[in-house]
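Student: Could we go through this structure together? I should like to start with the ligand.

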Amino acid sequence: MTDTNASQSREYTLEDVSVVMGTYNEEEAVGTVLDDIDRYTEGRAEVVCVDGSSDRTPEIARDRGARVVQQRPQGYGVAVREAILTAEGDVIVTTDCDDTYPMDRIPDFLDLINRGYDVVSGDRLYHGADAMPAFNRLGNQGFAAVASLLLGTRVHDTTTGMRAYHRPLVREIEWTQNTGLSAELLLRPVARGYDVREEPIDYADRLGETKLDPLQGGAEILGSILKVCAEERYRQFFG
Ligand SMILES: Nc1nc2c(ncn2[C@@H]2O[C@H](COP(=O)(O)OP(=O)(O)OP(=O)(O)O)[C@@H](O)[C@H]2O)c(=O)[nH]1
Ligand SMILES: [Mg+2]
């Protein structure tokens, strides 16, 4: 079993945390999200926004001390891959910039990484995800069922945007997906035997407009899940 984290020699603190996100025209939410991060990390975490906005999002983010990396908008995964590879902390926390994820849970996620997990994945479906549109909820349950069957390990929420990663894992795996990056970031570590924990979280209504078309986005995510699971199964059997 690959286990980068069990051998870690010291306890990580909030100074070792990078909170990262893609931001695309999130001026309604970005101030609240970054204020929450500051509050719950006591201003000690690095914050990285990979931004493709044409509105005031990057100015608001810079004003609040975030590091803003400008990027032409190319989709969720292109932005988040850049964000996780830019982050300098040993513990990398991803979120959406839409005020849906509970930033007050960052210290809990850090504790779990310190307990030896390589990935801590916020499971929105555990508490029912009432704020999620019914179509998306059903889709997410379907994605989890398909991925669980294909990998032979039960996973519950493959497309959550809130996770903590131990940095070595982020560097050890090659990330290839765009809309389906969130699923890839869970499924490849699960398939490769890293210590992955799904942690129930609350999920709130979005501030501002969604950036994802549910039908097209859903089809792309399903495609990513099938491809990633097939590649990982091949890798398990043929090396
Ligand atoms: N830089 C950048 N960020 C993006 C892009 N597409 C989406 N994002 C950001 O990625 C995050 C996820 O997008 P969302 O619109 O919240 O997608 P979602 O969570 O599937 O949809 P909702 O359920 O409506 O929240 C948000 O913070 C977006 O601003 C992009 O092309 N470029
Ligand atoms: Mg979102």
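Tutor: The points below concern the ligand shell, one proline and a helix pair. This is a predicted model, in which local features need pLDDT of at least 70, side-chain atom pairs count only at pLDDT 80 or more, and totals for chains, interfaces and linings use all residues. Residues are numbered from 1 along each chain as its sequence is written, while chains are lettered from A and ligands numbered from 1 in the order in which they are written.

Student: Which residues come nearest to ligand 1?

Tutor: Gly-22, Tyr-24, Ala-79, Thr-210 and Lys-211 come nearest, out of 23 residues around ligand 1. A residue is near if its C-beta atom, placed from the backbone, lies within 6 Å of the molecule.

Student: Now Pro-58: buried or exposed?

Tutor: Pro-58 counts as buried because it has 21 C-beta neighbours inside 10 Å. The term buried requires 20 or more other C-beta atoms within 10 Å of the residue's own, exposed means 12 or fewer, and partly exposed lies in between, with C-beta atoms placed from the backbone.

Student: And how far is the C-alpha atom of Pro-58 from that of Gln-70?

Tutor: The separation is 8.4 Å, although Pro-58 and Gln-70 are 12 residues apart along the chain.

Student: What does Pro-58 touch, leaving out residues up to four places away in sequence?

Tutor: Pro-58 touches Asp-51, Ser-53, Val-68 and Gln-70; contact means C-beta atoms, placed from the backbone, within 7 Å.

Notes
Contact = placed C-beta atoms within 7 Å.
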